[in-house]
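Please open the structure in your viewer and keep the selection panel at hand. The stops below say what to select next and what is there.

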Amino acid sequence: MSIAASSTTSNPLVRVEHFGMSFGRTEVIQDLSFEIRRGETFGFLGSNGSGKTTTIRALLGIYQPTRGLLHIDGREFSPDNGDRLGYLPEERGLYQKESVVDVMMYFGRLKGLGHAASRKWSLDYLERVGIADKAAARIDKLSQGQQQKVQLGVTIMNGPELLILDEPTKGFDPVNRRLLMEIIEDQKRAGATVMMVTHQMEEVERLCDRILLLKGGKARAYGTVDEVRAEFGGTRIHIDTDGTVPTSDAYRIVATSPGRTELEVGNDVDTSTILSSLVSAGIAVRSFTPTLKSLDDIFIEIYGADATGVE
Ligand SMILES: Nc1ncnc2c1ncn2[C@@H]1O[C@H](COP(=O)(O)OP(=O)(O)OP(=O)(O)O)[C@@H](O)[C@H]1O
């Protein structure tokens, strides 16, 4: 699979072509190209500092790109079509001294909803996310997670066509994370296109149609979750033996210690043939456990010890 050019469509909602961004002499994005199709949930992934927020800021017109083009619906971001877009930034912030419902209604009116409609929407949403009792409370009396729920509500309240969510479930417990994933799924069902940054592979598996893995400002993997799995995936096999597992072209030995070996094979390999070959070679195999590589394994393999994302 060739990165960036593998799956162009005629009319994507977001198109990024040969995007480059430098801060002073430091080039943080290098020739990045991708597109987001209408109605899909697109996972924009990468380790810390790999350039995700910089790309989003360039899409939103906050940064002027050094090179390349970033288009939403065929043109550069403009405040005129800002209402069609909902952005949940990485750094959260709401008016602290106002009540929850007043803040939500204020944003509702900014986004063109009437007084009654924004009040009803806000109260229904607060009920849905389990904080209806906080409607009249001041924002600064809410927990961090409760404030994040309000901010997500403000982001989605006018049903934007494109949602850009930077770590929408960051800091949530598993129950609330699941609830937020359901809300994001509802947005997609209602026709929204979603671009989301997440470090949670469980969310990627559940929500994302296609993903891009950014490393050092470049696309390292791009495609559907299955395509990325096919390119980087494979099977890990844990083997307990009495003897030593020999090297072979049929597999790669990932780790070995007395009596225990971990192998890796490609997606196309029938693991039973490896077991047969070990037994035929006279090795006493006590256990043989193949497991598919998870997205977490793939992420760790791509980023390795280099958690900064800089190559
Ligand atoms: N305004 C700026 N001036 C200088 N360097 C910047 C600026 N904004 C970002 N950078 C640098 O660009 C690189 C990418 O940062 P960015 O915030 O886009 O990463 P990220 O992938 O969003 O990371 P994280 O997952 O930690 O939020 C980093 O090395 C960062 O220090």
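The tour goes from the whole chain to its domains, then to one sheet and a few single residues.

Before selecting anything, note that residues are numbered from 1 along each chain as its sequence is written. This is a predicted model, in which local features need a pLDDT of at least 70 and side-chain atom pairs count only at pLDDT 80 or more, while totals for chains, interfaces and linings use all residues.

**The whole chain**

Begin with the full C-alpha trace, which spans about 80 × 45 × 35 Å along its principal axes. Its secondary structure comes to nine helices and 13 strands, where helices (H or I, at least four residues) and strands (E, at least two) are DSSP runs numbered from the N terminus. Of the 311 residues, 33% count as buried; a residue is buried if 20 or more other C-beta atoms, placed from the backbone, lie within 10 Å of its own, exposed if 12 or fewer, and partly exposed in between.

Next, colour the chain by pLDDT, the predictor's confidence in each residue, from 0 to 100. The chain averages a pLDDT of 87, and 95% of the residues score at least 70. Among the elements, strand β7 (residues 193–197) has the highest mean pLDDT, 96, and helix α9 (residues 295–303) the lowest, 84. Now select residues 1–7, where pLDDT stays under 50, and then residues 307–311, where pLDDT also stays under 50. Where pLDDT is low, the predicted coordinates should not be read in detail.

**Two domains**

Select residues 14–229 for domain 1 and residues 234–292 for domain 2, bounds that come from an automatic or database domain assignment. The C-alpha centres of domain 1 and domain 2 lie 43 Å apart.

**A sheet of four strands**

Select β11, β12, β10 and β13, which in that order form an open sheet with antiparallel pairing; two strands pair if DSSP finds at least two bridges between them. The edge strands are β11 (252–257) and β13 (285–292), each of which pairs on one side only. From one strand to the next the twist averages 15°. Five bridges join β11 to the antiparallel strand β12 (residues 260–265), and S257 stands opposite R260 in β12.

Add helix α8 (residues 271–280), which lies across β10 (235–241), β12 and β13 and runs at about 160° to β13. For such angles, axes are lines fitted to C-alpha atoms, for helices over the stretch in contact, and angles run from 0 to 180 degrees between N-to-C directions.

**Single residues**

Move to T224, which is in strand β9 (residues 218–224). Is T224 buried or partly exposed? T224 is partly exposed because 16 other C-beta atoms lie within 10 Å. Leaving aside residues up to four places away in sequence, T224 touches D209 and R210, a contact meaning that the C-beta atoms of two residues, placed from the backbone, lie within 7 Å. If you draw a distance from T224 to R286, 62 residues apart along the chain, their C-alpha atoms are separated by 37 Å.

Finish with two backbone angles. Most residues other than glycine have a negative phi. H18, in strand β1 (residues 14–23), has a positive phi of about 50° although it is not a glycine. E167, in the loop between β6 (162–166) and α5 (174–189), has a positive phi near 50° and is likewise not a glycine. H18 counts as partly exposed because it has 13 C-beta neighbours inside 10 Å, and E167 counts as partly exposed with 19.
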